[in-house]
Amino acid sequence: MILAGDIGGTNARFGCYADGERVGVAELDAEAFPNGEELLAAALAELPPRTIDACCLAVAGPVFGDEAKLTNIDIAFSRTGIEAATGASAVALVNDMVALGSAVSGLPDDRFELLSGEPRDGVKCVLAAGTGLGMVVVADGKCLPSEGGHARIAPVGAFERELISFSESEVELHGGVLAWEHYLSGRGVEALYRAVCAVWGAKPEWFDAERITRRGLAVEDPVCHTTVETWAGMLATAAGGLAVTSLSFGGVYLGGSIPVAVAEFLRGALFRRRFEDAAWAADYLKEIPIYLVADPLAGLDGAHLIAAER
């Protein structure tokens, strides 16, 4: 049996696979556990008891050698700890974007929604926005992880520059620069909402990202609607920038809980236009297809593909 895990800052999904088929899934709240050992033990307790031959855990954070630590919560894993807990003879510890990139590379096309453009071959890239913002480039089936979500944000137009100016004053309190992830994430939706309120002179409510998104989609609140619309535009710019950097003619894949929630904004002509305008002298962006990774288990299946290869 193969054990796979896709562990983010909020959701931790584990699955067991036999003969290439998923035969059990456990979904846990990652924030409810004090460490990786207890999280893994809880997952094993929920899954069917079987002998584990190989294991791949994909975590939302950088992997250095045999250890990995999540970026947004205080949970870590080690290869030796995973071997001891599972008894697996082959263990892989990878960044969660590597697992999602493996899914994009190895799963059938019908697992993904084509938002715009025409399918074509070539290098692919993935951006996933949820608790954080992850990026990965996939070339010839190999995943090249990236921390591009931590790169400085690139605003478009006077309104976005005003938003950035306000948010930079918040970030300075913590000694950092304003990066893509400060907006293109769950907490980023809330930060962007506060910035829109500040620029418009509106009083912010105590809304979380889910409520801001819901009100924005329903167009019942102009501040929330502008927040979501601006968020989608910034995602298009970030996606176009990554596509240019990696020459991802095979497609840009958008994953994570937030792109799925605001998918109607991603299917429109405005999103496509903003994507194509993301870089200078890059007319080839018009030829690059954009996909939505709506299946929440795609990353888990990608981790299974990595373990199966091991």
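About 370 Å³ of space lies in the second largest pocket of this predicted model. A pocket here is an open set of points on a 1 Å grid over the protein atoms alone, where a 1.4 Å probe fits, with protein on both sides within 12 Å along at least five of seven lines. Its volume is the space filled by probe spheres set on the points, which are joined across faces, edges and corners.

Lining residues have an atom within 4 Å of a point. The second largest pocket has 19 of them, and V171, H182, R187, A191 and R194 lie nearest its centre. Helices α4 (157–172) and α5 (186–200) each supply at least two lining residues. The biggest share comes from α5, with 5 residues. Helices are DSSP runs of H or I, at least four residues long, and strands are runs of E, at least two long, numbered from the N terminus.

The largest pocket holds about 1,200 Å³ of space. Its lining counts 48 residues, with A129, G130, T131, G256 and S257 nearest the centre. The table gives both linings by class. Ala, Val, Leu, Ile, Met, Phe, Trp, Tyr, Cys and Pro count as nonpolar, Asp, Glu, Lys and Arg as charged, and the others, Gly among them, as polar.

| Pocket lining | Nonpolar | Polar | Charged |
|---|---|---|---|
| Largest pocket | 16 residues | 20 residues | 12 residues |
| Second largest pocket | 6 residues | 8 residues | 5 residues |

Now the aromatic rings. Rings of Phe, Tyr and Trp (its six-membered ring) pair if their centres lie within 6.5 Å; planes under 30 degrees apart count as stacked, over 60 as edge-to-face and the rest as tilted. By this rule there are 4 aromatic pairs.

One of them joins F112 and Y253, edge-to-face, at 5.5 Å centre to centre and 80° between the planes. This pair links distant parts of the chain, 141 residues apart: F112 is in the loop between α3 (96–106) and β9 (113–116), Y253 in strand β13 (residues 251–255). Both F112 and Y253 are buried (under 20% relative accessible area with a 1.4 Å probe, protein chains only).

Y193 and F207 have ring centres 5.9 Å apart and planes at 40°, so this pair is tilted. Y193 sits in helix α5 and F207 in the loop between α5 and α6 (209–218), so the pair ties together parts 14 residues apart in sequence. Y193 and F207 are both buried.

F112 and Y253 also belong to one aromatic cluster with Y291.

Residues are numbered from 1 along each chain as its sequence is written, and side-chain values use heavy atoms, without hydrogens and water. In this predicted model, local features need pLDDT of at least 70 and side-chain atom pairs count only at pLDDT 80 or more, while totals for chains, interfaces and linings use all residues.

Methods. Buried means under 20% relative accessible area, exposed over 50%, partly exposed in between (1.4 Å probe, protein chains only).
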